[in-house]
Amino acid sequence: MTSSVAYLARRAAQKERVRILYRRALKDTLNWAVHRHLFYDDASNLRDRFEQNKDVEDVDTIDRIISDGEASYNKWRHPDPYIVPWAPGGSKFNRNPTPPQGIEIVYDFGREDND
């Protein structure tokens, strides 16, 4: 009973590692292929590389394949990845920081009630 639980837990962890690796590699492919027609070919090739090993059943072999894939991803990662401008690290992130304490912002400037 415990060996089957351990096996299922290990397989679940492997599936999660593969999912994370695939998503990271697919997002990184967008950094290398700027145009969509180039991206689609690269994404298809990436998917084919993942599909080659989908029928492997030995958990030790799967761990080795995942480790090799992660090492390859880290080796070929884009050195200057695209960052959405308003995300942390982007060119517009925190461009307009919050005002310091004690400064009041009047949003209805020029439209005050004249009672």
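Is Arg10 buried, exposed or partly exposed, and what is its relative accessibility? In this predicted model, Arg10 has a relative accessibility of 32% and therefore counts as partly exposed, since that class lies between the limits of under 20% for buried and over 50% for exposed residues.

The side chain of Arg10 takes part in a salt bridge with Asp60, in which the closest N and O atoms are 2.8 Å apart. This pair links distant parts of the chain, with Arg10 placed in helix α1 and Asp60 in helix α3, which spans residues 59-76, so that the two partners are 50 residues apart. Asp60 is likewise assigned to the partly exposed class, its relative accessible area being 49%.

Salt bridges within single helices were also found. In helix α1, Glu16 is paired with Arg19 through a salt bridge whose closest N and O atoms lie 2.6 Å apart; because these residues are 3 positions apart in helix α1, about one helical turn separates them. Glu16 is partly exposed, with a relative accessible area of 36%, and Arg19, at 39% relative accessibility, is also counted as partly exposed.

A further pair is located in helix α2 (residues 36-51), where Glu51 and Arg47 are 4 residues apart and thus separated by about one helical turn. Their side chains meet in a salt bridge with an N to O distance of 2.9 Å. For Glu51 the relative accessibility is 30%, which places this residue in the partly exposed class, and the value of 40% for Arg47 leads to the corresponding assignment of partly exposed. Beyond such individual pairs, Arg10, Arg17, Asp60, Asp63 and Glu70 are joined into one network by salt bridges that share partners. In total, 8 salt bridges are present in the structure.

Attention then turns to the nonpolar residues. In soluble globular proteins, nonpolar side chains tend to be buried together. The largest nonpolar core of the model consists of 5 residues, namely Leu21, Tyr22, Ala25, Leu46 and Tyr73. Helix α1, covering residues 2-32, provides the largest share of this core, with 3 residues. For Leu21, a member of the core, the contacts outside the range of four places in sequence are made with Phe50, Ile66, Gly69, Glu70 and Tyr73. Among these contacts, Tyr73 is itself listed in the core, whereas Glu70, also touched by Leu21, belongs to the salt-bridge network described above.

Methods. Residues numbered from 1 in each chain as written. Predicted model: local features only at pLDDT ≥ 70, side-chain atom pairs only at ≥ 80, totals over all residues. Heavy atoms only, no water. Core = buried A, V, L, I, M, F, W, Y, C linked by side-chain atoms within 4.5 Å. Buried < 20%, exposed > 50% of the residue type's maximum accessible area, 1.4 Å probe, protein only. Helix = DSSP H or I, 4+ residues; strand = E, 2+ residues; numbered from the N terminus. Contact = heavy atoms within 4.5 Å. Salt bridge = Lys/Arg side-chain N within 4 Å of Asp/Glu carboxyl O.
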